[in-house]
Amino acid sequence: MKRKLLGALLSTAMVASLTVGCGGGNDTTPADTPADTEAPADAETPADNEADDASAPAAAGGGKIGISMPTQSLERWNRDGAYLDEQFKAAGFETVLTYSDNDSGKQVNDIQNMLADGVNLLVVAAIDGEALNTAMNEAAEANVPVISYDRLILNDAVSYYVSFDNYTVGKLQGEFIVDTLDLANAGDTVYNMEITAGDPADNNAGYFYQGAMDALQPYLDAGTLNVVSGQTDFDSVATAQWNTDTALERAQNVLSSYYADGTQLDVWLCSNDSTALGVAQAVTSDYAGSNSVLITGQDGDEANLKNIVDGVQTMTVYKNVSNESVVTLALAKAILAGDTIDDSLVPSFGIECAFDTESYETSEGNKCPSFLLVPNVITKDNLQDLVDTGLYTMGDDGYLSAAN
């Protein structure tokens, strides 16, 4: 299904017309959440129902939350895991936090162990959105609600999806290129560009890619932008597991094959910071030209922020994962309390966020109610915005680091 959905995504001009999300139909309180099944708050629920017994403490204001993160090898997942763990513990929940080493089989085992441990709710950032069916089906059987976190899980056991507006992330990258190069007024000037996209197993990667390509396509069609390698389709530019070394190796190959003769490279569209780190390294060490190359990114990783200060990377799209954890916590509380989940919940977040019931689905026709946060563009000129969040500090050298 993943390949079918991705193929449909890459063939449409507007991602909003495609649905790629979780189950529960159009009802904003899916039938597989405890509020609509054997509700844990119902005193008449049989005591021998193991799933309902596990959920009962949560309905009373506490409970156990399983948090499954993909890996500790990427900085952002360490941040996400830490923020979620901190938020839930501060709210009085017991937590089980795991990292699955980018191994889908291990993630399935981790989630199964959480279910066996009696968690009341799961928060899962999937390694592969199609590889968790066994664990998700077991969660459904146990009446344990699932929040698909940041990356959509393509299984109808998912109750809700919390993420940033992924299409907008890519759109911001594309629009930044358009505005920075003033492509609308380029005249006969041609800018050479290359593209590095994300992990094919990550449902978000197609959205990032398509958002950027939709912004850039008019200029590609007009010849104002020229991809010298000819590698523009998602499969050709994808990077397994968002791996920096994989991005580095491909970038080196592109540079040696197409730019060694002195051809000027102007732009490298990178979907996230880990891939941008590899591309920036290749450009720094292997690019024959002397001009600065515009390089995009996403996440606000410390090494990339340093590159932005140094003029090696040009921008990143920042997603405040502490805000994502705030929304996830509020949603989890509402689910476990049996509250109705709709757009009336959004004001309680105190964060810019949209409630979306149309754009994502876990299987054909099964719409997933989603809470989508708003990302921001960060450049050298507005690094102070990150410091203002309280999540970063700036040293005397101008470099940012995560606040303790």
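This section describes the sheets and helix packing of a predicted model.

The mean pLDDT of the protein chain is 87, with 85% of its residues at 70 or more. Residues 1-60 have a pLDDT below 50, although this stretch has 155 contacts in the model beyond near neighbours in sequence. Where pLDDT is low, the predicted coordinates should not be read in detail.

An open sheet of seven strands has mixed pairing and follows the order β2-β1-β3-β4-β5-β14-β11. The edges are formed by β2 (94-99) and β11 (353-356); each has a single partner strand, so one side of each is left without a neighbour in the sheet. On average, and with direction ignored, neighbouring strands of this sheet are turned by 15° against each other. Strand β1 (residues 64-69) is paired with β2 in the parallel sense over six bridges. Within this pairing, isoleucine 67 has leucine 97 in β2 as its bridge partner. Helix α3 lies across β1, β2, β3 (121-124) and β4 (146-149), and runs at about 170° to β2.

A further open sheet consists of four strands in the order β7-β6-β8-β9, and its pairing is parallel. Its edge strands, β7 (225-227) and β9 (294-295), each pair on one side only. Four bridges join strand β6 (residues 191-196) to strand β8 (residues 267-270) in the parallel sense. Threonine 196 has cysteine 270 in β8 as its bridge partner. Helix α10 (residues 273-286) lies across β6, β8 and β9, at about 155° to β8.

Besides lying across strands of the seven-stranded sheet, α3 (residues 75-90) packs with helix α12 (residues 321-336) at an angle of about 40°, the axes being 9 Å apart. The two helices are therefore oblique to each other, as the angle falls neither under 35 degrees nor between 65 and 115. The crossing of α3 and α12 is right-handed. On the α3 side the contact involves Arg76, Arg79, Asp80, Tyr83, Leu84, Gln87 and Phe88, which meet Val321, Ser322, Glu324, Ser325, Val326, Thr328, Leu329 and Ala332 in α12. Seven residues of this contact are nonpolar, four are polar and four are charged.

Helix α4 (residues 104-116) packs with helix α5 (residues 133-141) at an angle of about 15°, with axes 8 Å apart. This angle makes α4 roughly parallel to α5. The crossing of α4 and α5 is left-handed. Val108, Ile111, Gln112 and Leu115 of α4 meet Thr134, Ala135, Met136, Glu138 and Ala139 of α5. The residues of this contact comprise six nonpolar, two polar and one charged.

For helix α6 (residues 166-180) and helix α7 (residues 203-222), the axes come within 6 Å and cross at roughly 30°. That angle makes α6 roughly parallel to α7. The crossing of α6 and α7 is right-handed. From α6, the contact is made by Asn166, Tyr167, Val169, Gly170, Lys171, Gly174, Glu175, Ile177 and Val178. From α7, the contributing residues are Asn204, Tyr207, Phe208, Gln210, Gly211, Ala212, Asp214, Ala215, Leu216 and Tyr219. By class, the contact of α6 with α7 has 10 nonpolar, six polar and three charged residues.

Terms used
Residues are numbered from 1 along each chain as its sequence is written. This is a predicted model: local features need pLDDT of at least 70, side-chain atom pairs count only at pLDDT 80 or more; totals for chains, interfaces and linings use all residues. Side-chain values use heavy atoms; hydrogens and water are left out. Axes are lines fitted to C-alpha atoms, for helices over the stretch in contact, and angles run from 0 to 180 degrees between N-to-C directions. Angles under 35 degrees count as roughly parallel, over 145 as roughly antiparallel, 65 to 115 as roughly perpendicular and the rest as oblique. A crossing is left-handed if the near helix is turned anticlockwise from the far one by less than a right angle, and right-handed if clockwise. Contact means heavy atoms within 4.5 Å. Ala, Val, Leu, Ile, Met, Phe, Trp, Tyr, Cys and Pro count as nonpolar, Asp, Glu, Lys and Arg as charged, and the others, Gly among them, as polar. pLDDT is the predictor's confidence in each residue, from 0 to 100. Two strands pair if DSSP finds at least two bridges between them.
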